[in-house]
Amino acid sequence: MDVEVIIKNLPLYFEGLGTTVQLVALSLGCGLALAIPVALLAASRRWWLRMPATAYIYVFRGTPLLIQMYIIYYGLAQFEAVRESLLWPVLREAWWCALVSFALNTAGYTGEILRGAIANTPHGEVEAARSVGMSQWQIHARIVLPSAFRRALPAYGNEVIFMLHGSALAGVITLVDLFGAARIVNSRHFVPFESFIAAGAFYLGLTFVIAWLFKRWERRWHAHLRPRDGAGGSSATPAPFTAR
């Protein structure tokens, strides 16, 4: 294994690391902002609100991310109306096309995760909120969504990791992310094993950090569900009541 090649090309890998982290963070933020209204609409009892959101989730979960990226990056450019629109300065850039495709894709998966969590909200919590005079907006903002986020956190952690791994497709449309950096190193030095192993090590490190952060968030958000034991792990036994 030629370690010297990897060391010599570390600046290129770090450049790809920065691009990957930036793309994943922005796409997750935009995707989450879009997924919340999509999930609320998909969980609605009114079919005319539910159907468009359900169709969005179905389309973006049912088609590969690579095809979605190709449609946005290569497909939209063939339409003259798109090239003459205000969106063309964005859609002609590979970086923005990757960001848009990642955000739309993760919004579909995250929307379904949140929809399931919203649908499983205990009915008693909603009834209790209504009994104290909360409006429908307050119920969703203070009861339904916080409760759904807690239940959806483990599944959303997996979606973040999947999005990190899916971001390797950005290298296919000329971006120098981690995968793109590995392709460049391989084309320069003809060392496929070393170049892609190095990229895999970076992805593995990022995955470890993400998993660690979500474990900490789960412990903090689910702290009220853990049993409160006394010293030594045994539950404290209350003293018996004695009448005076």
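Select N105 first: leaving out residues up to four places away in sequence, it touches F60, L65 and Q68. Keep in mind as you click around that this is a predicted model. N105 sits in helix α7, and it counts as buried because its relative accessibility is 6%, under the 20% cut-off. Now add S27 to the selection. The two residues are 78 apart along the chain, yet their C-alpha atoms are separated by 9.1 Å.

**Over to α4**

Two of those N105 partners, L65 and Q68, are a good excuse to show α4 next, since both are among the buried residues of that helix. The full buried set to highlight in α4 is L65, Q68, M69, I72, Y73 and G75. Leave them as sticks and colour the helices around them: these buried residues pack against α3 (47–62), α6 (88–91), α7 and α9. While you have a helix in view, a reminder: an α-helix has 3.6 residues a turn, so residues three or four places apart point the same way.

**Zoom out**

Switch to cartoon for the whole chain. How many helices and strands are there in the protein? You should find eleven helices and zero strands, so to speak a plain run of α-α-α-α-α-α-α-α-α-α-α along the sequence. Draw a box along the principal axes and the C-alpha atoms fill roughly 90 × 55 × 25 Å. The radius of gyration is 24 Å, whereas a compact globule of 244 residues would have one near 18 Å.

Turn on the surface if you like. About 14,900 Å² is exposed, with carbon and sulfur atoms supplying 65% of it. Of the 244 residues, 37% count as buried. For the contact-map fans: take the contacts with a separation of 6 or more, and 75% of them join residues 24 or more positions apart. Colour by charge and you get 21 positive and 14 negative charges, with mean positions 14 Å apart.

**Into the core**

Hide the surface again and select Y13, L23, A98 and F102. In the largest nonpolar core, which has 41 residues, these four touch the most other members. To see where the core comes from, colour α1 (3–8), α2 (10–42), α4 (65–75), α7 (94–119), α9 (136–166), α10 (178–189) and α11 (192–221), each of which supplies at least two of its residues. The largest share is from α11, with seven residues. As background, nonpolar side chains tend to be buried together in soluble globular proteins.

Centre on Y13 and show everything within contact range. Setting aside residues up to four places away in sequence, Y13 touches I6, L178, A181, A182, V185, E194, S195, A198, A199 and F202. Apart from this core lies another one of twelve residues, and you can pick it up by selecting A35, A117, A129 and A152, which are among its members.

**A181 and T19**

From the Y13 partner list, pick A181, found in helix α10. Is A181 buried or exposed? It is buried, because its relative accessible area is 0%. Beyond its neighbours up to four places away in sequence, A181 touches L12, Y13 and V176. For a sense of scale, draw a distance to E125: the two are 56 residues apart in sequence and 50 Å apart in space, C-alpha to C-alpha.

V176 also leads you to T19, which lies in helix α2. T19 is in contact with W95, V176 and D177, leaving aside neighbours within four places in sequence. With 15% relative accessibility, T19 counts as buried. Run a C-alpha to C-alpha distance from T19 to G62 and you get 27 Å, for a sequence gap of 43 residues.

**Two loops to finish**

Select T174, in the loop between α9 and α10. Its phi is near 75°, a positive value in a residue other than glycine. T174 counts as exposed because its relative accessibility is 58%, over the 50% cut-off.

The last stop is F190, in the loop between α10 and α11. Where does its phi fall? Near 55°, again positive in a residue other than glycine. F190 is exposed too, with a relative accessible area of 68%.

Definitions and conventions
Residues numbered from 1 in each chain as written. Predicted model: local features only at pLDDT ≥ 70, side-chain atom pairs only at ≥ 80, totals over all residues. Heavy atoms only, no water. Core = buried A, V, L, I, M, F, W, Y, C linked by side-chain atoms within 4.5 Å. Buried < 20%, exposed > 50% of the residue type's maximum accessible area, 1.4 Å probe, protein only. Helix = DSSP H or I, 4+ residues; strand = E, 2+ residues; numbered from the N terminus. Contact = heavy atoms within 4.5 Å. Rg over C-alpha atoms; globule rule 2.2 N^0.38 Å. Areas by Shrake-Rupley, 256 points an atom, 1.4 Å probe, with all protein chains shown as cover. Lys, Arg positive; Asp, Glu negative; His and termini not counted. Charge placed at Lys NZ, Arg CZ, Asp CG, Glu CD.
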